[in-house]
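Good morning, everyone, and thank you for making time for this. I would like to walk you through a structure that may be new to you, so please take a moment to look at it before I begin.

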Amino acid sequence: TSPPLQTDRDLSIRNDTTEQPWLYWSNYAMSNGGGVASSTTHLLDFLEEPIPGVGTYDDFHTIDWVREKCKDRERHRKINSKKKESAWEFTKSLYDAWSGWLVVTLTGLASGALAGLIDIAADWMNDLKEGVCLSAMWFNHEQCCWTSNETTFAERDKCPQWKSWAELILGQAEGPGSYIMNYFMYIYWALSFAFLAVCLVKVFAPYACGSGIPEIKTILSGFIIRGYLGKWTLMIKTITLVLAVASGLSLGKEGPLVHVACCCGNIFSYLFPKYSKNEVLSAASAAGVSVAFGAPIGGVLFSLEEVSYYFPLKTLWRSFFAALVAAFVLRSINPFGNSRLVLFYVEYHTPWYLFELIPFILLGVFGGLWGAFFIRANIAWCRRRKSTRFGKYPVLEVILVAAITAVVAFPNPYTRQNTSELIKELFTDCGPLESSQLCQYRSQMNGSKAFTDNPNRPAGPGVYSAMWQLCLALIFKIIMTIFTFGLKVPSGLFIPSMAIGAIAGRIVGIAVEQLAYYHHDWFLFKEWCEVGADCITPGLYAMVGAAACLGGVTRMTVSLVVIVFELTGGLEYIVPLMAAVMTSKWVGDAFGREGIYEAHIRLNGYPFLDAKEEFTHTTLAREVMRPRRSDPPLAVLTQDDLTVEELQSVINETSYNGFPVIVSKESQRLVGFALRRDITIAIENARRKQEGIMLNSRVYFTQHAPTLPADSPRPLKLRSILDMSPFTVTDHTPMEIVVDIFRKLGLRQCLVTHNGRLLGIITKKDILRHMAQMANQDPESIMFN
Amino acid sequence: VMCSITFQIYYMVNILLRTHNQMKTYLLQNSEDIRCKCICPPYRDIEGQIYKQNVSLKDCNCLHVVEPMPVDGKDVEAYCLRCECKYEERSSGTIKVTIIMYLSILGLLLLYMVYLTLLEPMLKRRLFGHSQLIQSDDDVGDQQPFANAHNVLSRSHSRPNMLNKVEHAQQRWRRQVQEQRKSVFDRHVVLS
């Protein structure tokens with residue numbers, strides 16, 4: 001085990017240690033620890049005002065967590081020390097402590113409200129493809145027929161106020177002419193919704209496309225993408241998500257809901273600008289999943305397992321709070337009129353039997369196989385879209401995919417309906433009055449119609465035709481989702497994978513049920529199933545299949561089980577769910593260790609250091625550091641030798657993000673590390689504010705100016721931007737430890753020394769490239785710093 | 001001080017509750033928004049039926065809702081035991097407000113989009129003529145680190161004029177969207 005890493009040292013120790021040379025050596029001795037970085041310099045230079053803009057980051061750059069944590073602690077210390085001064089300062093400190101809770105509450109409220117809006121609008125627009133409600137245009141099909149008095153079960157969906165398009169335009173509801181008219185209107189609406197969605201995304205907020213979860217994972221691990229969580233992205237994502245879902249494309253709205261919630265969190269955290277954004281984003285993603293599935297605990301676990309990078313206990317409590325607030329707001333909006341949060345909430349408590357574990361595990365294997373296949377196919381398609389001319393026509397691509405989806409989906413009633421409704425129908429077991437095709441079993445007693453609840457019955461012709469249609473729907477959905485995920489509209493992955501799993505599960509369930517009926521004298525069935533008793537619940541198989549497929553593609557474990565458990569409320573189904581999810585994860589991992597989100601991160605080249613992977617190679621630090629043997633020597637700055645002109649030329653000629661500062665070229669002893677952005681801002685600022693700074697002014701990073709001849713221009717002091725405690729390792733440090741340091745501390749770069757002299761530098765990008773090389777992947781695919 | 005704070009909190013909570021009640025009565029003013037739905041399975045030779053009525057929660061049971069009762073006196077109890085009655089409440093006001101809000105925002109965005117893509121270039125061409133139509137896209141990036149610094153520092157100065165501010169903000173926003181569009185659609189750098 002590595003020695004405990006010291007990350008916090010008391011400020012008072014370092015007060016006057018800057019000029020004593022032996023403390024540079026003690027810096028080396030503490031090379032695995034660190035001190036309070038720039039606060040030392042701030043304390044000593046408190047007479048100089050801070051330069052505006054120093055400490056901020058460029059777009060598409062990585063955050064240095066050590067620096068951020070130091071700044072945060074410094075701010076806390078300042079507030080705490082002033083707390084006792086006056087009542088006003090006390091109130092400010094209280095406000096600072098409570099601002100975290102306020103931000104999280106506001107985020108939960110906003111997420112719940114937006115989710116309610118999205119649900120209601122998506123439901124309505126979905127039914128707009130079929131027809132309109134003449135009495136009240138804002139009602140969808142179900143709400144329009146809410147008050148109708150048709151009593152017979154077969155006609156429960158028909159009511160006089162709801163008119164399909166064929167009825168409105170042609171005047172007749174049945175017949176081939178009206179079928180074609182309905183078909184045509186369906187395609188027309190689907191295409192127009194898809195076209196509107198992609199146009200809005202392209203014109204107003206290009207960052208609103210896709211799922212959002214890979215980018216949020218990267219942002220939470222410390223990468224800056226400006227505008228990704230902004231106001232316009234929020235508005236466009238909300239509006240176009242409804243349009244994309246309503247256009248019948250094979251996508252869901254869970255991933256985009258997480259993005260929407262994180263946008264809300266980000267916007268609210270600007271109102272309290274000093275609060276840690278990371279906690280708010282973790283809490284917001286928990287709230288997003290919570291409103292998508294109606295599963296607050298599952299949302300928190302999802303945030304912990306999938307999205308967040310650093311998840312201390314404080315974040316756990318805040319995430320839970322945000323998820324609960326969001327779920328509560330959504331429930332009080334009550335979009336579906338039944339006080340349930342999600343459309344496919346089912347509650348049955350029929351028992352399952354031990355022999356059913358075999359088909360459950362088979363469903364898990366199917367889920368893993370499908371997950372691995374989907375990841376490979378989708379990444380291949382996305383890569384082709386990125387690199388060839390295919391990707392130059394995004395609008396055309398969306399229209400084409402929407403057209404194909406609409407044309408193929410209309411004839412099959414299982415693909416024509418909303419995917420959430422399909423999942424609900426598959427999850428629901430056949431009740432006493434179900435009139436769907438799936439439940440048309442042949443009744444056994446034809447005499448007195450004595451009604452026993454759901455005995456095992458032979459399948460009627462309705463069930464067989466339903467099975468065929470379901471098989472076709474399965475193949476269709478598997479193919480179309482590959483091309484739909486990654487389009488330039490907001491697209492989620494949860495609902496399509498759950499639909500695929502539910503279809504597969506239901507088919508297997510009906511097959512097992514028929515097997516149990518026709519061969520009830522087999523050993524397996526005779527033990528557990530009585531003749532004429534309800535034995536197999538195909539709805540349960542659908543649920544297990546949905547969980548297995550979702551687990552196979554995202555490789556979630558705990559969070560998935562908890563989400564499905566909260567969806568169904570059945571504690572007794574935890575064992576089958578866990579068996580299926582674990583099987584699908586093992587089978588999927590046999591083909592590739594990454595889930596779909598990690599695969600997309602790698603495809604885009606984001607600098608994401610995965611905390612779940614282990615680094616097991618035996619390379620040393622000096623094999624990874626830059627400069628290599630063939631590279632030009634390390635670009636360094638001397639502490640008091642440079643002029644402004646030389647400094648500017650170093651910055652202009654190279655493209656490095658930071659430069660180590662050394663005492664002199666002969667000794668190569670390390671002083672600190674200065675970032676490129678900070679240097680440029682400081683020079684500009686000095687040019688404006690201070691007089692007498694010219695091109696040949698001397699630049700010094702020390703506390704006192706070097707002795708200069710009398711007629712030299714005024715020297716420029718850049719000590720305040722210097723990081724005096726950069727992390728260093730020796731060149732013989734094993735890479736395992738270096739990778740561990742980077743992960744645990746969130747470093748961006750680390751200096752390499754040999755015998756106390758500066759030798760080179762390792763950045764996060766170098767580590768990612770090295771890991772890619774070790775895994776035989778293309779190291780040049782890591783694009784960002 | 002504590003006294004006045006508690007009084008203020010009490011007052012605010014009171015107002016909140018009152019507005020909540022008012023909103024609820026307004027949204028529920030449509031009496032059709034509540035219903036009791038009874039599902040009765042097939043019994044002997046009667047087919048399965050669904051009965052719906054707008055009754056309140058206390059009247060939501062088989063005897064009140066199932067009318068006309070298809071069986072005679074002694075079978076009523078057996079029939080009613082099989083029926084499942086559920087009370088449902090929806091809020092049509094919420095649905096109406098939500099849909100109208102959504103459609104109006106969508107309409108505004110569409111108008112703005114048409115303006116940005118079609119009308120504005122036309123207007124600009126008419127006002128400024130062809131010569132100024134060529135605008136160079138400056139590639140703001142690492143090639144001009146000092147220009148970037150210039151941008152960062154100049155943001156801290158305040159603009160006195162309100163109209164200038166709006167114009168400036170709009171220009172900045174459009175530049176940002178253009179950058180985003182380049183990285184997502186053209187260079188395929190982010191969000192493949």
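Let me start with a term: a residue counts as buried when its relative accessible area is under 20%, computed with a 1.4 Å probe and with protein chains only. By that criterion, 29% of the 192 residues of chain B are buried in what is, I should stress, a predicted model. The accessible surface of chain B is about 13500 Å², and carbon and sulfur atoms contribute 58% of that area.

Staying with chain B, we find six helices and three strands, which follow one another along the sequence as α-β-β-α-α-β-α-α-α. If we take the contacts in chain B between residues at least 6 apart in sequence, 51% of them link residues at least 24 apart.

Turning to chain A, the mean pLDDT is 83, with 87% of the residues at 70 or more. Among the elements of chain A, helix α9 (residues 231-246) has the highest mean pLDDT, 95, whereas helix α1 (residues 22-29) has the lowest, 32. Across residues 1-47 of chain A the pLDDT is below 50, although the model gives this stretch 62 contacts beyond near neighbours in sequence. Residues 444-454 of chain A also stay under 50, with eleven contacts beyond four places in sequence. Where pLDDT is low, we should not read the predicted coordinates in detail.

Finally, an unreviewed UniProt entry annotates residues 625-691 and 722-780 of chain A as "domain: CBS". Residues 625-691 of chain A are 36% helix and 19% strand, with end C-alpha atoms 41 Å apart, while residues 722-780 of chain A are 37% helix and 27% strand, with end C-alpha atoms 31 Å apart.

Definitions and conventions
Residues are numbered from 1 along each chain as its sequence is written. Chains are lettered from A and ligands numbered from 1 in the order in which they are written. This is a predicted model: local features need pLDDT of at least 70, side-chain atom pairs count only at pLDDT 80 or more; totals for chains, interfaces and linings use all residues. Side-chain values use heavy atoms; hydrogens and water are left out. UniProt positions are given in the numbering used here, feature names are shortened, and annotations may be inferred rather than shown by experiment. Helices (H or I, at least four residues) and strands (E, at least two) are DSSP runs, numbered from the N terminus. pLDDT is the predictor's confidence in each residue, from 0 to 100. Contact means heavy atoms within 4.5 Å. Buried means under 20% relative accessible area, exposed over 50%, partly exposed in between (1.4 Å probe, protein chains only). Accessible areas come from the Shrake-Rupley method with a 1.4 Å probe; for residues, only the protein chains shown count as cover.
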